[in-house]
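Subject: Structure for you to look at

Dear colleague,

I am passing on the structure we spoke of, and below it you will find notes on what turned up when I went through it. Please read them with the model open beside you.

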Amino acid sequence: MNYINYKVEDFKVPAYANDELTEVSLDDLKGHWSVLFFYPGDFTFVCPTELEDLQNLYPKFKEKDCEIYSVSTDSEFVHKAWHDKSEKIAKIEFPMLSDRSFQLSRQFDVLNEEEGQSDRGTFLINPDGEVVLYEISAGGIGRNAQELYRKLTAAQYVSKHGDQVCPANWVEGSDTLEPGIDLVGEL
């Protein structure tokens, strides 16, 4: 399935955030940019390095009005235990969602049914609840928060300036392109 422009369907899942057990729903994603960051499991190997990488850039994501939601099929209680045990995970400030009912993993087609775990999936969602970018990776391939941040910045720029597009390796402040007949064959 192609998830570009996919409208996120209603959901409500338990979460661990700010030393509290809470819930996160579709309403929490509306009105700002969001990242749903699916990973296979707590107390694993690649996952804590990815979540720490996200946390290191979390203040920059927040400056861009973007909330990060990490998602695994572990319970909110396991998230808390991991947060209490791991130095890397103890730093995390963003909500850690528990998808033990598989409703989000199935909605975004990242559930590995045999394992009962999510594959590595990243979904960037605009303030209207629509997916504008997604990536699914094999289990052993860690993701790069800096590249995700660059893509968020580009998505926000294109959303604001609909007549312009961001070329490869674009970073904030770089030149953009204005598609039109004059560019055909000139790039």
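In what follows, lining residues are those that have an atom within 4 Å of a point of the cavity, and helices are DSSP runs numbered from the N terminus. Please bear in mind throughout that this is a predicted model.

To begin with the empty space, a search of the whole structure finds one cavity of 30 Å³ or more, and the largest cavity has a volume of about 40 Å³. Its lining is made up of Phe37, Glu50, Asp53, Leu54, Arg143, Asn144, Ala145 and Leu148, which divide into four nonpolar residues, one polar and three charged. Helix 2 (46–63) and helix 6 (145–160) each supply at least two residues of that lining, and helix 2 gives the most, with three residues. Two residues of the lining, Phe37 and Arg143, also meet in another way, since arginine 143 lies over the face of phenylalanine 37, at 3.6 Å from the ring centre.

Turning to the aromatic residues, the count comes to 14 aromatic pairs. In one of them, the rings of tyrosine 3 and tyrosine 6 have their centres 5.1 Å apart and their planes at 80°, so this pair is edge-to-face, and both tyrosine 3 and tyrosine 6 are buried. In another, the rings of phenylalanine 123 and tyrosine 134 have their centres 5.8 Å apart but their planes at 5°, so that pair is stacked. Because phenylalanine 123 lies in strand 8 (residues 120–125) and tyrosine 134 in strand 9 (residues 131–137), the stacked pair ties together parts that are eleven residues apart in sequence. Phenylalanine 123, at 0% relative accessibility, counts as buried, whereas tyrosine 134, at 30%, counts as partly exposed. Ring pairs link these four residues with Phe38 and Phe108, so that the cluster consists of Tyr3, Tyr6, Phe38, Phe108, Phe123 and Tyr134.

Finally, there is helix 3 (residues 76–85), in which Glu76, His79, Trp82 and His83 are buried. Seen down the axis of helix 3, these buried residues fall within an arc of 115°, and they therefore line one face of the helix. In general, an α-helix has 3.6 residues a turn, so residues three or four places apart point the same way. The face of helix 3 turned away from the buried side carries the exposed residues Phe77, Asp84 and Lys85.

With best wishes

Methods: Residues numbered from 1 in each chain as written. Predicted model: local features only at pLDDT ≥ 70, side-chain atom pairs only at ≥ 80, totals over all residues. Heavy atoms only, no water. 1 Å grid on protein atoms, 1.4 Å probe; cavity = no way out; pocket = protein on both sides within 12 Å on 5 of 7 lines; lining within 4 Å. Points joined across faces, edges and corners; volume = space filled by probe spheres on them. Helix = DSSP H or I, 4+ residues; strand = E, 2+ residues; numbered from the N terminus. Nonpolar A, V, L, I, M, F, W, Y, C, P; charged D, E, K, R; others polar. Phe/Tyr/Trp six-rings, centres within 6.5 Å; stacked < 30°, edge-to-face > 60°. Buried < 20%, exposed > 50% of the residue type's maximum accessible area, 1.4 Å probe, protein only. Lys NZ or Arg CZ within 6 Å of the ring centre and 35° of its normal. Arc of directions from axis to C-beta.
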